[in-house]
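Hi,

Here is the structure I promised to pass along. Have a look when you get a moment; my notes on what turned up are underneath.

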Amino acid sequence: MAVPKKKTSKSKRDIRKATWKRKAALQAKKALSLGKSILTGRSTFVYPSKEEEDEEES
């Protein structure tokens, strides 16, 4: 017969929620930083442009 699980405490719930929000904030910060670097032209990675992709396919 199924037995109900114990109730999760408010502190555990809050810890989980804070962890989730912290991860989301870190990803948002990285995305904003990447966007700024691309706009200023200081990006250190190479990504193909549309012209280069078209030339490779031909």
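The side chain of Ser37 comes to 2.8 Å from the backbone oxygen of Leu34. Bear in mind that this is a predicted model. Ser37 sits in helix α1, and it counts as buried because its relative accessibility is 19%, where the cut-off is under 20%. Setting aside neighbours within four places in sequence, Ser37 touches Arg42 and Ser43. Burial across the chain is a short story: 2% of its 58 residues count as buried.

On the helix itself: α1 runs over residues 10-40, 31 residues in all. From first C-alpha to last it spans 45 Å, close to the 45 Å expected at 1.5 Å a residue. Just after α1 comes Gly41, with a positive phi of about 80°. For the overall fold, the chain has two helices and zero strands.

Then the charges. How many salt bridges does a search of the whole structure find? It finds one. The partners are Asp14 and Arg13, and their closest N and O atoms are 3.2 Å apart. Side chains of opposite charge can pair when their charged atoms come close. As for how covered the two partners are, Asp14 is partly exposed at 39% relative accessible area, and Arg13 is partly exposed too, at 43%.

One last number for your setup: the accessible surface of the chain is about 6200 Å², with 58% of that belonging to carbon and sulfur atoms.

Cheers

How values were computed
Residues are numbered from 1 along each chain as its sequence is written. This is a predicted model: local features need pLDDT of at least 70, side-chain atom pairs count only at pLDDT 80 or more; totals for chains, interfaces and linings use all residues. Side-chain values use heavy atoms; hydrogens and water are left out. A salt bridge is a side-chain nitrogen of Lys or Arg within 4 Å of a carboxyl oxygen of Asp or Glu. Buried means under 20% relative accessible area, exposed over 50%, partly exposed in between (1.4 Å probe, protein chains only). Helices (H or I, at least four residues) and strands (E, at least two) are DSSP runs, numbered from the N terminus. Accessible areas come from the Shrake-Rupley method with a 1.4 Å probe; for residues, only the protein chains shown count as cover. The expected span of a helix is 1.5 Å times one less than its number of residues. A polar contact is a pair of N or O atoms within 3.5 Å; within protein, one must be able to donate a hydrogen and the other to accept it, and residues adjacent in sequence count only if both atoms are side-chain atoms. Contact means heavy atoms within 4.5 Å.
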